[in-house]
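Thanks for coming. I have one structure to go through today, so please look at the sequence and the model as I talk.

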Amino acid sequence: MSDRTLSAAPAGPADPVSTSPHVDAGDEGYSKDLKSRHINMIAIGGAIGTGLFLGAGGRLAGAGPSLAIAYAVCGVFAFFVVRALGELVLYRPSSGAFVSYAREFMGEKGAFAAGWLYFLNWSTTAVADITAAATYAHFWAMFSDVPQWILALIALAVVLTANLISVKYFGEMEFWFAIVKVAALVVFMAIGIYLVVTQHQLDGHTPGFSTVSDGGGLFPVGMLPMLLVIQGVVFAYASVELCGVAAGETKNPEKIMPKAINSIMWRVGIFYVGSVVLLALLLPYTAYSGDESPFVTVMNKLGVAGAADVMNLVVLTAALSSLNSGLYSTGRILRSMALAGSAPKFTGRMNKGQVPYGGILLTAGFGVLGVGLNYVMPGEAFEIVLNFASIGILGTWGMIMLCSLLFWRRAQEGRVTRPSYRLPWAPYTQIVTLAFLASVVVLMWWGGGIGRTTVMCLPLIAAALVGGWFVVRKRVDTIAAERKSL
């Protein structure tokens, strides 16, 4: 099966959500078990992940306090992306999300590219997540002698098992994962603010604005390092689009989605930018490293018994939450593609719990390859997959904004009707965001090292997409023709 354009008129008042004559066959068969609290917490969890809890340490050490500016700038564009997706969701909710929209506005080739770029994003992010989980586990002495690849395998097995049961289990897991992450950040920020206000000694250092001024100011190593870490900061926001995928398995998305999406902006301001500012005020940027969560570093320096252990458990939860989200979303995206013929047939299969287990297992299979990477290169595994994940993220966000731009154009032509919940300042917002995403690729090249190597792989990724399309196009055309004849 595939998307099909029906000859019937757009839905009337009985269906206030969708004004689209387009129907995605990949939306059939799902339960609508995700509630408002699930969607709201999934939106929060999508904006608080491994990129903050683990990645902020190394980026602080490399760029200094100016990292807060990078988080703020990237946060604005992440909000534009999810707001654009939110408008499309209100136009037509779909578990296929931007893949389904790419099919409607760009054709099957666009859907093919969007889907596989998203898979590149999450298959490599899964490796990053299990690598992060194994790194966190090594914090405790009882796991210090356990090889990193074994810990990574255990993390993958636990989350995969829970994800295959039902969407209700996924929703509950994400709800409580998000509760833990938010509660931990609130507690950390309360402690951090107290330490700054009272100027309480922290490992012989007095927190406050003097930490920044005495350490070389906002740009202690210049502005270039801040620009070069932006691609890693983009990775930190990688899950914001997840709530758009989840909208296909919830009732009344027209009521739930705007509230969840609008709240992302202030969450970014408080949790991301606020946390980084506090970290910069509490300790000199040189006190942080990429080998340990910066939150754990602060708690260790604080010297409160058990505080670092609790925070490490929280950041471990964040890694497992991100992995959980990745398996969930790719399962839905791959099923939408499989029913259109552009992904392997088995990825379209669902179990009795109405879970598309085929796509989930395919993503988990790449996670197993990540276990091998942890065996061969445990020290570099996280940085390598982070760069490739960033390419997938940039491609996914780019496709969302292209779909939004094409949707806006069709609305101007009178072919579709935009919902009342809209991306502001269209089409300029889409154009500026696309320019920003292109500049991130340039910065990856400019930074050299693994980032440049990743950019050099872009022709290979493009060739793989072109070659893959020629492999599946006959099947896609056949399925599309069958659907039109019905």
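Where does F219 lie? F219 sits in the loop between α8 (209-213) and α9 (224-228). Before I go further, please keep in mind that this is a predicted model.

Staying with F219, is this residue buried, partly exposed or exposed? Its relative accessible area is 28%. F219 is therefore partly exposed, since that class runs between 20% and 50%. As for partners, once the neighbours within four places in sequence are set aside, F219 is in contact with S66, I69 and M226. Take S66 from that list: F219 and S66 are 153 residues apart in sequence, yet the C-alpha to C-alpha distance is 5.7 Å.

Now to another loop. T250 is placed between α11 (242-246) and α12 (253-282). With a relative accessibility of 4%, T250 counts as buried, because the cut-off for buried is under 20%. T250 is 211 residues from I39 in sequence, and in space the two are 8.1 Å apart, C-alpha to C-alpha.

Those were single residues; here is the whole protein. The secondary structure comes to 19 helices and two strands. There are 486 residues, and buried ones make up 59% of them. Of the contacts between residues at least 6 apart in sequence, 79% join residues at least 24 apart. The exposed area is about 18500 Å², with 67% of that supplied by carbon and sulfur atoms.

Next, cysteines. How many disulfides does the count come to? Zero. For reference, a disulfide is a covalent bond between the sulfur atoms of two cysteines. On burial, C403 has a relative accessible area of 0% and is buried. C457 is at 19% relative accessibility, and that also counts as buried, because the cut-off is under 20%.

Last topic, internal space. How many cavities of 30 Å³ or more does a search of the whole structure find? The search finds two. I will describe the second largest, which holds about 40 Å³ of space. Which residues line the second largest cavity? The lining consists of P65, T211, V212, G215, G217, A280, P284 and Y285. Sorted by class, that lining has five nonpolar residues, three polar ones and no charged ones.

To go back to the start: F219 is in a loop and partly exposed, while T250, in another loop, is buried. That is what I have for today.

How values were computed: Residues numbered from 1 in each chain as written. Predicted model: local features only at pLDDT ≥ 70, side-chain atom pairs only at ≥ 80, totals over all residues. Heavy atoms only, no water. 1 Å grid on protein atoms, 1.4 Å probe; cavity = no way out; pocket = protein on both sides within 12 Å on 5 of 7 lines; lining within 4 Å. Points joined across faces, edges and corners; volume = space filled by probe spheres on them. Nonpolar A, V, L, I, M, F, W, Y, C, P; charged D, E, K, R; others polar. Helix = DSSP H or I, 4+ residues; strand = E, 2+ residues; numbered from the N terminus. Buried < 20%, exposed > 50% of the residue type's maximum accessible area, 1.4 Å probe, protein only. Contact = heavy atoms within 4.5 Å. Areas by Shrake-Rupley, 256 points an atom, 1.4 Å probe, with all protein chains shown as cover. Disulfide = S-S within 2.5 Å.
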